[in-house]
Structures are given as C-alpha cells and as structure tokens.
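Trainee: I have a structure open and would like to talk it through with you. Could we begin with how the strands pair?
Mentor: Certainly; please bring it up.

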Amino acid sequence: MKVNDSTNIEDPDSAVPDGRVLEVTTTTGCVIGCSYCPQDRFAVRQRAVSHAKHLRLEDFKKCLARVPSTVDISFAGYSEPWLNPACTDMVEHASASGHGIRISTTLVGMNRRDLKRLQALHFRVFLVHVVDDGTYMNSRLVRGEYVDLVRQLVDADISSMLFMVVGDVHPDLVEIIPEKALVRSRPRSVMAVEVHPDIAEAGQPIAGAVTCADERYHRNLLLPNGDVTLCCMDFERRHVLGNLLRDEYQDLFEGPTFCEIAERMAGKKEGFLLCRMCESAGSKAVKC
C-alpha cells in the first residue's frame with residue numbers, strides 16, 4: 001500500500017493543482033446510513049426534479065466532454081459512488097481523458113473486479129471511509145465479502161491511499177486497517193448539527209462579506225441528471241449553477257446563479273446563502 005504523506009487527510013481536495021474539482025454524485029439515495037449525513041434531504045430534493053436514480057455512463061461522458069482536463073474529477077458526492085454499477089467505467093473514462101482522479105468511498109458496492117481495474121490507475125487521493133462499529137453507520141454492511149475486499153485493498157498497490165473513520169473502526173476491520181494511514185475525523189456538513197447534534201456543534205450564521213476558506217466555489221458537484229451544485233455542502237440543491245448536459249463548464253461560473261452567489265458573498269445583495277452557515281466561511285468575498 002502506498003501512502004502520500006503530502007496529502008492533507010483532513011481535506012484531501014486541498015492539493016488540487018489549480019484549485020478546481022468536479023465531484024461526482026453517481027446515484028440518488030444511499031444505503032450506508034451515516035447518521036450525520038442529510039442524505040434523505042438530498043434524495044427528496046433530487047427526486048423532485050429528476051427521476052434519474054443513477055448517473056448514466058453516456059451522460060457522464062457527455063458532461064465530462066465539457067470539462068477541461070485541468071479540472072480534477074472526484075468520485076464522492078452526496079452518496080456512495082459504487083452504488084452505481086457503472087462507477088468504475090466512469091473512473092477509467094475520466095482517467096483516460098486526462099483528468100486527475102480522486103476517490104472517496106466506503107467500498108460498498110465495489111467488487112474484486114472493480115478493485116483489479118482500479119489498480120491499473122493513478123490517483124491523487126484514494127480515501128476509504130471506513131465503516132464504524134455501528135454508532136454512526138450501518139455496520140451490517142460489514143460481512144465476509146466486504147472484509148475480504150478491504151483486506152485486498154490494503155494489500156493492493158494503489159497510490160495515495162488513506163483511511164478515515166468517524167468514531168471507532170468496526171471490530172472486524174480493526175486488525176486490517178493500517179494505523180499509520182488512518183485518520184479519525186468528524187463530519188463536515190452545515191446540516192450535521194440538525195441530523196446528529198451529538199457530534200456537530202451549531203454555529204452562528206456569518207453576516208456581511210464572506211468567503212470560503214477552502215475555495216469550494218470551484219469544487220462543485222455533478223448530480224445524476226447533469227445538474228451542478230455549488231459544493232459538497234449543498235445537499236438541498238440551494239445553489240444550482242447549471243447543467244453540464246447543456247452548459248459549458250465555464251458557463252457555470254459566468255451565469256446569473258454564480259454571480260448572484262458572489263454578490264451575496266460580497267455582502268452586496270440580500271438573500272439566502274448557504275455559505276453563511278458553513279464552518280469553512282471566512283470574511284472576504286469571491287469575485288464573479
């Protein structure tokens with residue numbers, strides 16, 4: 001197993017060369033059951049606008065054709081990527097198209113054939129969200145085949161592999177996950193305090209000019225119907241920048257929605273702004 005010591009394991013996307021990432025949500029709905037994840041809210045909002053449960057491979061290819069190769073593609077999003085059977089095909093296509101590839105997965109839905117195919121690729125980050133002891137996740141997902149897959153992954157020659165857990169590692173995985181590559185983290189969600197207040201503290205909304213310390217306004221989310229939301233915190237689709245099945249990538253940042261967000265971040269315009277409630281919020285503004 002290869003570990004990239006230069007990667008910030010608290011924020012794996014921090015090492016992006018030009019700061020731009022398109023994060024892919026491959027499916028609507030998730031069986032992982034993380035208690036701090038507002039997955040139900042995303043599913044309700046998404047199903048209200050689209051019947052597409054899975055991002056189709058052909059639609060992914062159409063969307064990716066509009067995205068410059070300098071933009072990293074991150075398979076993570078609002079649900080487990082490998083709950084979509086075509087996920088490995090998408091990863092291979094994005095890699096062959098010249099994009100830097102980032103993975104964040106629980107491995108649920110992945111199989112041995114997927115793992116073998118992934119071993120042939122290079123990743124900026126391959127982050128495994130380890131299933132915990134059942135405190136925050138559905139521990140029933142940890143069965144024989146899953147344990148075997150985790151063991152094979154640890155032994156695999158995959159670049160930049162890291163492991164993250166919220167809480168305690170599932171007892172069947174404790175002896176398998178290498179401690180040197182494991183970080184114990186906490187959920188990063190503006191709505192986590194409502195979903196699981198025991199592990200996320202409420203903060204006061206920021207008034208006036210505000211910016212994102214992580215520059216997430218250029219680390220956006222592609223949804224199964226081609227819509228693109230502002231960032232990984234926008235589970236309720238409050239800021240939809242456009243749709244890559246019809247819009248060019250640059251149009252996402254030149255259209256009225258993004259410019260309106262920029263004006264609200266600059267404190268020049270009233271209206272709802274998700275960023276005011278985010279832990280990554282700062283005191284400067286992004287320019288449109």
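Trainee: How many bridges join strand 4 to strand 5?
Mentor: This is a predicted model. In it, strand 4 (residues 125-129) and strand 5 (residues 161-165) run parallel and are joined by four bridges. Within that pair, Leu127 stands opposite Leu162 of strand 5.

Trainee: Which helix packs on the sheet there, touching strand 4 and strand 5?
Mentor: That is helix 5, residues 144-155. The direction of helix 5 makes about 140° with that of strand 5.

Trainee: And in what order do the strands of the sheet come?
Mentor: The order is 6-5-4-3-2-1-7-8-9, so to read it across: nine strands form an open sheet, and the pairing is mixed. 

Trainee: Which strands stand at the edges?
Mentor: Strand 6 (182-184) and strand 9 (240-243) do. Each has a single partner strand, so one side of each is left without a neighbour in the sheet. As for the twist, neighbouring strands of this sheet are turned by 25° against each other on average, direction ignored.

Trainee: Turning to strand 1, what does it pair with?
Mentor: Strand 1 (residues 21-24) runs parallel to strand 2 (residues 72-75), and four bridges join the two. Strand 1 also pairs with strand 7 (residues 219-222), again in the parallel sense and over four bridges. Val21 stands opposite Asp72 in strand 2 and opposite Arg219 in strand 7.

Trainee: Are the faces of strand 1 covered or uncovered?
Mentor: Both faces are covered. In a regular strand the side chains alternate between the two faces of the sheet. Here Val21 and Glu23 lie on one side, Leu22 and Val24 lie on the other, and all of them are buried.

Trainee: Which helix lies across strand 1?
Mentor: Helix 2 (residues 57-64) lies across strand 1, strand 2 and strand 7. Helix 2 runs at about 150° to strand 2.

Trainee: Changing topic: how many disulfides are there?
Mentor: The count comes to zero.

Trainee: Why does Cys30 have no bond?
Mentor: The closest cysteine sulfur to that of Cys30 belongs to Cys34, and the distance is 6.6 Å, which is too far for a bond. The cut-off for a disulfide is a pair of cysteine sulfur atoms within 2.5 Å.

Trainee: Is Cys30 buried or exposed, and what about Cys87?
Mentor: Cys30 counts as partly exposed, at 26% relative accessibility. Cys87, in turn, is buried, with a relative accessible area of 0%.

Notes:
Residues are numbered from 1 along each chain as its sequence is written. This is a predicted model: local features need pLDDT of at least 70, side-chain atom pairs count only at pLDDT 80 or more; totals for chains, interfaces and linings use all residues. Side-chain values use heavy atoms; hydrogens and water are left out. Buried means under 20% relative accessible area, exposed over 50%, partly exposed in between (1.4 Å probe, protein chains only). Two strands pair if DSSP finds at least two bridges between them. Axes are lines fitted to C-alpha atoms, for helices over the stretch in contact, and angles run from 0 to 180 degrees between N-to-C directions. Contact means heavy atoms within 4.5 Å.
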